[in-house]
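Me: Could you take a close look at a single part of this structure for me and walk me through its surroundings? I work at the bench, so plain words are welcome.

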Amino acid sequence: MLANEVKEKLIAIVTKANFEDSKTERLVYSYDATPNFQSMPDAVVSPRNKAEVAEILKICNQHQVPIVPRGSGTNLCAGTCPTEGGIVLLFKQMNRILEIDEENLTVTVQPGVITLDMIHAVEARGLFYPPDPSSMKISTIGGNINENSGGLRGLKYGVTRDYVIALEVVMPNGDVIRTGGKLAKDVAGYDLTRLFVGSEGTLGVITEATLKLIPMPETKKTMLALYQDLNAAAKSVSAIIANKIIPATLEFLDQPTLKVVEEFAQIGLPTDVQAVLLIEQDGASEVVERDLTSMAEICKQEQAVSIQIAASEVEAEALRTARRAALSAIARLKPTTILEDATVPRSEIAKMVQAINEIAEKYQLEICTFGHAGDGNLHPTCATDARNHEEMERVEQAFAEIFEKAIDLGGTITGEHGVGAMKAPYLEWKLKAEGIAAMKAIKLAFDPHNIMNPGKVFAKDSKKRVVITR
Amino acid sequence: MTTMKEQEMIQEQFKARMDEDELLNCMRCGFCLPTCPTYIESGFKESQSPRGRIALMKAVVDGLNEPDAEFERSLELCLGCRACEPVCPSGVNYGHLLEDARDIINQNKKHSLPARVVRKTVFQELFPHPKRMRGAVGLLGFYQRSGIQTLARKIGFLGLLPESLATMEKILPKVPTMKEMKNRPDFLPAIAEKVHRVAFFSGCLMDTMFMKTNDATMKLLQLAGCEVVIPESQVCCGALHGHSGEKHTAKELAKKNITAFEELDVDFIITNAGGCGAFLVDYDHLLQDEPEWKDRAKNFAEKIKDISEVLVAVNFHKKVKMELPLQVITYQDSCHLRNVMKTAAAPRVLLQAIAGVKYKEMVDADRCCGSAGIYNIVESEMSMVMLDYKMKQAKETHAATIVTANPGCLLQMQLGIEREGLSVKMRGVHIVDLLMEAVRQY
């Protein structure tokens, strides 16, 4: 419960219309897209500008009230679940595109802008913003920046981090700072822009962002490579990269994933093969043609049973849309879907795919695997039922082993979904105690009262690392 | 207001009756949000989104929240357009959850006296009875023809009604006489070479207020080579009841309809109202707990087809020449036709086959117009917000004709045209009426 004094002050800042604390209005912000996390906030506040954000932060800092900045709540690491109560901060009224600068190739936005709306707006000017998280139809740029979201085009174009060049941030004490600029080069001091990207709302509140744009690629082509052997598909991925081709997209879907996705999308995906690779290349048409031919050749050498090229952009878009629906489509199998995004160096992708299958078998779980194979980022997803506690325990053990394996292969516990509350207990596995200490020192320097999204990134207790006997 | 005692009853019923698997099936990815009209128009309020509403229902089941006034309000404001369903990768059947939740609330809640009277009259005494429907619509005809309408308009009596109702009064179609409504055919032979034997589901409102549209539908079927059976014992589909928490009556009506159609030996049962069709196609779900009806309901549901689907399937648009005077036309999807019956392409194929017209797709044609059964009467304010958006998009197309495939949508389009003062250059028309016009031109 918020103290009355705090409530009144907040209402004075944002007006009654932008302050909610009824049970219903709080309940609908008690979750995000992460299964098994739910916790009620004390209030939901929707500021209209940075000045209001600064005032809110000052009051919360003074009264030590937790603040959880939230876009559309589509993250997959319980990053916006208000696990310690406090205030959920919404940006639905700070959702304007402020400027598209065609001379500097930048776009400046407020945090509440929907990713796809912004992509459409810049594409109308012949410009290209590559990061395309699967939730882009509803995710916000503010959310993307805080989670450092990836997407299907990450392999060739990088992730959100690679496009954020300037930020306006309200610090927990109410100070407003600006980082970076519309600059190709800038070494004035620490790179705070990069620090805030992916900070999961734990350091401050982003109130404005300037993003880098690039020219639209001339053409794009899409193909599917079909396999009867998972390993062959995974090996093709490494072979393509080793042949010095960087496709725009190189996605992997195994048979169980294909089946549920086809059930949803009904676009004629092959469901009688063990795996497919969804491959795209963009750029000048001669380059696209040449790369596509080479990649088709490589896939065939690696035992692809068939190669299908999308006949039209409509067909290609249907394939991409289907792939983006993969995670949610798996929920068709069983009520709960627990997904991970363990990531390995891309040369190790075949080993990782094999390990996932062995682990699934060992724990007798139904694990579907899909993901951005090209950048080593897989999404093994377990279809289970949260009500089955015994099975949930096995799921946890299986995923602990998957993390373990990923780290062994030189990888990480999360490639693009973030740590949040969900993976916080495993963070130490990747960073070691010293790494955690360094990060905690940064957190403490920025946010001494720990009001910014508390309980995320850093866990109270770390999981013990199980040692796998091999 | 719902009392505490009623809230407790509702909560208990939620725990007992809501489909927990279906609630859990929502994995909260949020893919539904951008398609939800109330989420958009409420300024992105999660409590006005499908994900939010499902979370609220689940919270009542889990005992995390009470079914209080705000909870009820969230469910009331839902249009039930089901635009969230085709985009849901997990395949959550939101419509069923909504229907069950509304049914539980209504069965356990004592409505205010005026609401009780209206509900009883409409749901129990009027719609289920074809004869009374004719009588009521007949009264409307009397009102229109007797001069009372002119008088009422002159006196300004209509100024007393809410704005949307007052405008609604103006746009209601000229209804047929009692005699015309009573004299309905029960069989019509194929006019072209016979390809199908079909039954026609005539509907309660369609067969009275929109009788001419029904006549056109049957004529098109005949021209398409269908012999048409129209069983006299059929009744209202029950959609209005189902959507308003009167599930029991809906089930009774469903059983009557299944009985009326099952011995006819037809290939399809044709509807021309998306709202009815979507409810009919769901009869097997409605009767899933009644073993002796389940299979019969399934057989019935499998035969339901919208008129436009059947016309395209038999290549009507390729065989029969259609032509209209030069004009731009656009199409407004019926939500239930599109989202539940999955018919979206067929109407567009037919319209684009008409010579002389330029078909222009309007932006967000698949977004609800705000008609939504009786929503535009009970939630007039939100409905008009939806309609304003819709008319803005319709105007952008410069269409002279907005085509729809459901009577509610049609009335709403006409209401929009009237409100915008566009009635001299724009009209709303049911797709079969337009097709009939196009055939007649020839």
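Reply: Happy to! Two residues are in contact here if their C-beta atoms, placed from the backbone, lie within 7 Å. Please keep in mind that this is a predicted model.

Let's look at B:I171, which sits in helix 10 of chain B, a helix covering residues 163-171. Setting aside neighbours within four places in sequence, B:I171 has contacts with B:L411, B:Q414, B:L415 and B:E418. Another residue to look at is B:M413: its C-alpha is 9.7 Å from that of B:I171, although 242 residues separate the two in sequence.

Is B:I171 buried, exposed or in between? A residue counts as buried with 20 or more other C-beta atoms within 10 Å of its own, and as exposed with 12 or fewer. B:I171 has 18 such atoms within 10 Å, so it is partly exposed.

For a wider view, the largest nonpolar core has 267 residues, and B:I270 and A:V261 are among those with the most contacts inside it. Not counting residues up to four places away in sequence, A:V261 touches A:L253, A:L269, A:A322, A:A325, A:A326 and A:A329.

A:V261 takes us to chain A, which has 15 helices and 18 strands. With a radius of gyration of 22 Å, close to the 23 Å from the globule rule for 470 residues, chain A is as compact as a globular protein of that length. Its C-alpha trace spans about 70 × 55 × 40 Å along the principal axes, and 55% of the residues of chain A count as buried. Among contacts in chain A with a separation of 6 or more, 73% join residues 24 or more positions apart.

Definitions and conventions. Residues are numbered from 1 along each chain as its sequence is written. Chains are lettered from A and ligands numbered from 1 in the order in which they are written. This is a predicted model: local features need pLDDT of at least 70, side-chain atom pairs count only at pLDDT 80 or more; totals for chains, interfaces and linings use all residues. Helices (H or I, at least four residues) and strands (E, at least two) are DSSP runs, numbered from the N terminus. A nonpolar core is a set of buried Ala, Val, Leu, Ile, Met, Phe, Trp, Tyr and Cys residues joined through C-beta atoms within 7 Å. The radius of gyration is taken over C-alpha atoms; the globule rule is 2.2 Å times the number of residues to the power 0.38.
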